[in-house]
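Please walk through this model one region at a time, keeping the coordinates open alongside the text. The account moves from a helix residue to the aromatic rings, and then to the cysteines and a pocket.

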Amino acid sequence: NKKNGLRNGYILGCLCKYLCHVFTGVVFFSETGASFFSSLTYSLAYNAYVLPEVILTLVLLPVLLPYINKRKVGIE
């Protein structure tokens with residue numbers, strides 16, 4: 001219910017998602033015999049799709065939020 005609570009929560013959630021995916025990628029690719037730094041670099045680059053996802057969602061959120069709130073009232 002805070003002014004920017006949804007936006008801040010979404011950004012925090014996506015940051016945690018990104019960090020978990022990077023960590024998992026480093027662990028997985030390190031097991032294949034690759035060095036830690038090459039695994040880290042590859043995992044950081046591979047999971048960079050999260051940034052465009054966050055930007056697109058934050059651009060569309062103000063447009064879609066009134067529609068979502070109107071539909072949510074009918075559910076309650």
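**From a helix residue outward**

S39 lies in helix α2, and in this predicted model S39 is buried, with a relative accessible area of 1%. Once the neighbours within four places in sequence are set aside, the residues in contact with S39 are V26, F29, S30 and A34. A45 also lies in helix α2, but at 54% relative accessibility A45 counts as exposed, because the cut-off for that class is over 50%. For a sense of separation, the C-alpha atoms of A45 and V63 are 30 Å apart, although these two residues are 18 residues apart along the chain.

One of the contacts of S39, namely F29, leads on to the aromatic rings. A search of the whole structure finds three aromatic pairs. In one of them, F28 and F29 meet edge-to-face, with 5.1 Å from centre to centre and 75° between the planes. F29 is also paired with Y42: the ring centres are 5.0 Å apart and the planes stand at 80°, so this pair, too, is edge-to-face, given that planes over 60 degrees apart are assigned to that class. The pair of F29 and Y42 links distant parts of the chain, since F29 belongs to helix α1 (residues 5–30) and Y42 to helix α2 (residues 36–46), with their positions 13 residues apart in the numbering. Both partners are partly exposed, F29 with a relative accessible area of 28% and Y42 with a relative accessible area of 43%. Taken together, ring pairs link F28, F29, Y42 and Y46 into a cluster.

The cysteines come next. How many disulfides does the structure hold? The structure holds zero disulfides, and the sulfur distances show why, because a disulfide requires two cysteine sulfur atoms within 2.5 Å. For C14, the closest cysteine sulfur is that of C16, which at 9.4 Å is too far for a bond. C16 is likewise in no disulfide, and the nearest cysteine sulfur to its own, that of C20, is 6.6 Å away. The surroundings of C14 and C16 can be described as well: C14 is buried, with a relative accessible area of 7%, whereas C16 is partly exposed, with a relative accessible area of 41%.

The last stop is the largest pocket, in which about 150 Å³ of space lies. Its lining is made up of K2, K3, N4, G5, L6, R7, L58, L61, P62 and L65. The elements that give two or more residues to this lining are α1 and α3 (50–75), and the largest share, four residues, comes from α3. In chemical terms, the residues of the lining divide into five nonpolar, two polar and three charged. Helix α1 thus recurs in this account, because F29 of the ring pair with Y42 lies in α1, and α1 is also among the elements that give two or more residues to the lining of the largest pocket.

Notes
Residues are numbered from 1 along each chain as its sequence is written. This is a predicted model: local features need pLDDT of at least 70, side-chain atom pairs count only at pLDDT 80 or more; totals for chains, interfaces and linings use all residues. Side-chain values use heavy atoms; hydrogens and water are left out. Rings of Phe, Tyr and Trp (its six-membered ring) pair if their centres lie within 6.5 Å; planes under 30 degrees apart count as stacked, over 60 as edge-to-face and the rest as tilted. Buried means under 20% relative accessible area, exposed over 50%, partly exposed in between (1.4 Å probe, protein chains only). On a 1 Å grid over the protein atoms alone, a cavity is a set of points where a 1.4 Å probe fits but cannot get out, and a pocket is an open set with protein on both sides within 12 Å along at least five of seven lines; lining residues have an atom within 4 Å of a point. Grid points are joined across faces, edges and corners, and a volume is the space filled by probe spheres set on the points. Ala, Val, Leu, Ile, Met, Phe, Trp, Tyr, Cys and Pro count as nonpolar, Asp, Glu, Lys and Arg as charged, and the others, Gly among them, as polar. Contact means heavy atoms within 4.5 Å.
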